[in-house]
Amino acid sequence: MANKTLDDLFYETLKDIYYAERQILKALPKMARAAQDEKLKTAFTEHKDETEGQIERLKQVFEIIGKRARGKTCDAIEGIISEGEEIMEEFKGTPALDAGLLAAAQAVEHYEISRYGTLRAWAQQLGLKDAVKLLDETLSEESNTDEKLTKLAETAVNTAAQKAA
Ligand SMILES: [Fe+2]
Ligand SMILES: [Fe+2]
């Protein structure tokens, strides 16, 4: 107990995001199917493909620290995803569905951005240069996705949600 250091924290957090990414990989196709706006559907599908690459990068980071890739249940992502599922059910067939889905997706992205930002900083501190590079690539993808979603919300999805069915 007394000897836990930044290395342990890094490893624990890596397991957390590894678990989260695999949950997200399962959730994105459901969100793509549920979305009504074609651009939103495409955004979810494209991000699903990116997520596959992100999981591969995480495996490489585990390798860098000499550990086997494994996940640890992340309550935060489970909560965010189940809120998204709730929206899918409660707003099914309504004009507001896409705006709700998009908001749920942004909550996921913000969680990921927080985790990857932390992991990148810790990798830097630990002198894990290759890990910094990998984590940074993923962080950019998450930020770009978040920005893309913001644009979609502002240009189409929120307006559509305001209209009567
Ligand atoms: Fe991700
Ligand atoms: Fe993401």
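1. The starting point is Asp 16, which at 9% relative accessibility counts as buried, because the cut-off for that class is under 20% relative accessible area. Asp 16 belongs to helix H1, and, once residues up to four places away in sequence are set aside, Asp 16 touches Lys 72, Cys 74, Tyr 111 and Arg 115. The model under discussion is a predicted one, and every statement below should be read with that in mind.

2. As to the overall architecture, the secondary structure of the chain amounts to five helices and zero strands, and the order along the sequence is accordingly written α-α-α-α-α. The radius of gyration is 17 Å, which is close to the 15 Å given by the globule rule for 165 residues, so the chain is as compact as a globular protein of that length. The C-alpha trace, taken along its principal axes, spans about 60 × 25 × 20 Å.

3. Two figures describe how the chain is packed as a whole. Of its 165 residues, 40% count as buried, and among the contacts between residues at least 6 apart in sequence, 82% join residues that are at least 24 apart.

4. The iron ion (ligand 1) deserves a point of its own. Its protein donors are Glu 21, which appears twice through OE atoms, Gln 54 through OE1, and Glu 112 and Glu 142 through OE, with distances of 2.0 to 2.4 Å from the ion. Along the chain these donors follow the spacing E-x32-Q-x57-E-x29-E. Since Glu 21 lies in helix H1 and Glu 142 in helix H5, the pair ties together parts that are 121 residues apart in sequence, and both Glu 21 and Glu 142 are buried.

5. The iron ion (ligand 2) has as its protein donors His 47 through NE2, Glu 109, which is listed twice through OE atoms, and Glu 112 and Glu 142 through OE, lying 2.0 to 2.5 Å from the ion. The spacing of the donor residues in sequence is H-x61-E-x2-E-x29-E. Within this set, Glu 112 in helix H4 and Glu 142 in helix H5 form a pair that links distant parts of the chain, 30 residues apart.

6. How far apart are the iron ion (ligand 1) and the iron ion (ligand 2), and which residue coordinates both? The two ions are 3.3 Å apart, and Glu 112 bridges them. Glu 112 is buried, with a relative accessible area of 0%, and Glu 142, which is named among the donors of the iron ion (ligand 1) and also among those of the iron ion (ligand 2), likewise counts as buried at 0% relative accessibility.

7. Turning to internal space, the count comes to two cavities of 30 Å³ or more. The largest has a volume of about 90 Å³ and is lined by 13 residues, of which Leu 28, Met 31, Ala 105, Val 108 and Glu 109 lie nearest its centre. Glu 109 is also one of the donor residues of the iron ion (ligand 2). Helix H1, helix H2, helix H4 and helix H5 each supply at least two residues of this lining, with H1 giving the most, namely four residues. By class, the lining of the largest cavity divides into 10 nonpolar, two polar and one charged residues.

8. The second largest cavity holds about 70 Å³ of space, and the residues that line it include Ala 27, Lys 30, Ile 80, Ile 81, Gly 84, Glu 85, Met 88 and Ala 104, together with Met 31, Ala 105 and Val 108. The elements that give two or more residues to this lining are H1, H3 and H4, and H3 gives the most, with five residues. The lining of the second largest cavity has eight nonpolar, one polar and two charged residues. Met 31, Ala 105 and Val 108 are named in the linings of both cavities.

9. A last remark concerns Pro 95, which is found in the loop between helix H3 (75-90) and helix H4 (97-125). With 24% relative accessibility, Pro 95 counts as partly exposed. Pro 95 and Lys 15 are 80 residues apart in sequence, and their C-alpha atoms are 38 Å apart in space.

Note on methods:
Residues are numbered from 1 along each chain as its sequence is written. Chains are lettered from A and ligands numbered from 1 in the order in which they are written. This is a predicted model: local features need pLDDT of at least 70, side-chain atom pairs count only at pLDDT 80 or more; totals for chains, interfaces and linings use all residues. Side-chain values use heavy atoms; hydrogens and water are left out. Buried means under 20% relative accessible area, exposed over 50%, partly exposed in between (1.4 Å probe, protein chains only). On a 1 Å grid over the protein atoms alone, a cavity is a set of points where a 1.4 Å probe fits but cannot get out, and a pocket is an open set with protein on both sides within 12 Å along at least five of seven lines; lining residues have an atom within 4 Å of a point. Grid points are joined across faces, edges and corners, and a volume is the space filled by probe spheres set on the points. Ala, Val, Leu, Ile, Met, Phe, Trp, Tyr, Cys and Pro count as nonpolar, Asp, Glu, Lys and Arg as charged, and the others, Gly among them, as polar. Donors are N, O and S atoms within 2.8 Å of the metal (3.2 Å for Na, K and Ca); water is not among the atoms, so sites may look incomplete. Contact means heavy atoms within 4.5 Å. The radius of gyration is taken over C-alpha atoms; the globule rule is 2.2 Å times the number of residues to the power 0.38.
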